[in-house]
Amino acid sequence: MTSTPIAYRIPGPTGSPPLTRSPSAGRLDCASGTVHRALAEAPIGGYGMLEAALAWQHLRSTGPGSTGGGTHATTSRHLPVVETRSGAVAARIARLLSGLAWAIVTQADAGDTGFKRSPAVRVEVPRTLHRRVLRALTNAWRDARRQFDPRVPGTATDADAAVALWRMGILVAGLGPSQNMVYLRTGTSTMAEMMAAAARCLGLTPIVDNVHGAPAVALYHLGEVHWLLAEAGAGGAATVWVRGGRPAGAASTSVGLWP
């Protein structure tokens, strides 16, 4: 008996026919989620502030009190630093900031009941330490831009820092539209070039893309993608995303030379 693929109904704009979601898209989401959770739970190494600074660049909160001013700043015991729809990412960022302040994760929009849409959560720190945390993040990001400045060849030499940058980049921007690759939409060309510099520091072969004004950096080589995910903390989950990729550690010092 021939089975009929199941179509998942997704509500479209008012007056438009329902869209469908194929089972293959569901499998893609499952594979992406597996890697996402593994990376979010990876041990915090020596570059926690670098990860936190990248997350802050992508996810900084624009809600009340986010800059430390206004009525909210004087009435709330905590102020937001970042906002995301991933509880796992929020929990990691809170851990990353633990050396500066006692960060907490709070729900931002409890009334959101959209289809398969997770409610937004915020990472907040005590009001009295908010400015200190923002200064630390600003300084960490300034150092990262200096270290991975694509205009100055030879500045990107710290492999551990490069892996940390890519770990958080994947967590905040996603793995990309299909398996066997990593495609990060970076938001700005400067960010894309920074990520590319970090990848080259690891011996990888990134491609900087800019389609319809949307800067991105991509890795397409199966061996490189598998190695990077495993090195970033995905462990066995890397194989879920990369079908046919080499085992982690197969050639960690010469990734870009894999056939």
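In this predicted model, the side chain of T155 reaches back to the local backbone: one of its polar atoms lies 3.0 Å from the backbone oxygen of V152. T155 itself is placed in the loop between α5 and α6 (159-173). With a relative accessible area of 26%, T155 comes out as partly exposed. Once neighbours within four places in sequence are set aside, its contacts are R146, Q147 and D149. There is also a longer-range pairing to note here, since the C-alpha atoms of T155 and C201 are separated by 9.2 Å although the two residues are 46 apart along the chain.

One of those contacts of T155, R146, also takes part in a salt bridge with D143, where the closest N and O atoms are 2.9 Å apart. D143 and R146 both sit in helix α5, and because they are 3 residues apart there, about one helical turn separates them. As a general point, an α-helix has 3.6 residues a turn, so residues three or four places apart point the same way. D143 is partly exposed, at 43% relative accessibility.

Helix α5 leads on to the sheet. This is an open sheet of 3 strands in the order β3-β5-β4, and the pairing is antiparallel. The edge positions go to β3 (78-84) and β4 (104-107); each has a single partner strand, so one side of each is left without a neighbour in the sheet. From one strand to the next, the twist averages 35 degrees. Between β3 and β5 (residues 121-126), which run antiparallel, there are 6 bridges. In general, strands of a sheet pair through backbone hydrogen bonds, either parallel or antiparallel. Among the residues involved, E83 has R122 of β5 as its bridge partner. Helix α5 (residues 130-147) packs on this sheet, where it touches β3 and β5, and its direction makes about 40 degrees with that of β3.

The E83 and R122 pairing carries over to the side chains. The two form a salt bridge, with 2.8 Å between the closest N and O atoms. Since E83 lies in strand β3 and R122 in strand β5, the pair ties together parts that are 39 residues apart in sequence. The two partners fall in different accessibility classes: E83 counts as partly exposed at 28% relative accessibility, while R122 counts as buried at 17%, the cut-off for buried being under 20%.

Over the whole structure, the search turns up 5 salt bridges. Another of them joins the side chains of R92 and E51, at 2.9 Å from N to O. R92 belongs to helix α4 (residues 87-96) and E51 to helix α2 (residues 48-59), so this contact links parts 41 residues apart in sequence. Both ends are well under the cut-off for burial: R92 is buried at 0% relative accessibility, and E51 is buried at 1%. As for the D143 and R146 bridge, its N to O distance is 2.9 Å. Salt bridges with shared partners also join E51, R92 and R167 into one network.

What does the helix that holds E51 look like overall? Helix α2 is mostly covered, with 9 of its 12 residues buried. Besides E51, the buried set takes in G48, L50, A52, A53, L54, A55, W56 and L59. The cover over these residues includes β3, α4, α5, α6 and α7 (189-201). The length of α2 checks out too: at 1.5 Å a residue, its 12 residues should span 16 Å, and the end C-alpha atoms are indeed 16 Å apart.

Further along the chain, N180 is found in the loop between α6 and β6 (182-185). Is N180 buried or exposed? With a relative accessible area of 19%, N180 is buried, the threshold being under 20%. Not counting residues up to four places away in sequence, N180 touches Y220, L222, V225, W241, V242 and R243. For one of these, R243, the C-alpha to C-alpha distance from N180 is 6.4 Å, with the two positions 63 residues apart in sequence terms.

Definitions and conventions:
Residues are numbered from 1 along each chain as its sequence is written. This is a predicted model: local features need pLDDT of at least 70, side-chain atom pairs count only at pLDDT 80 or more; totals for chains, interfaces and linings use all residues. Side-chain values use heavy atoms; hydrogens and water are left out. Two strands pair if DSSP finds at least two bridges between them. Helices (H or I, at least four residues) and strands (E, at least two) are DSSP runs, numbered from the N terminus. Axes are lines fitted to C-alpha atoms, for helices over the stretch in contact, and angles run from 0 to 180 degrees between N-to-C directions. Contact means heavy atoms within 4.5 Å. A salt bridge is a side-chain nitrogen of Lys or Arg within 4 Å of a carboxyl oxygen of Asp or Glu. Buried means under 20% relative accessible area, exposed over 50%, partly exposed in between (1.4 Å probe, protein chains only). A polar contact is a pair of N or O atoms within 3.5 Å; within protein, one must be able to donate a hydrogen and the other to accept it, and residues adjacent in sequence count only if both atoms are side-chain atoms. The expected span of a helix is 1.5 Å times one less than its number of residues.
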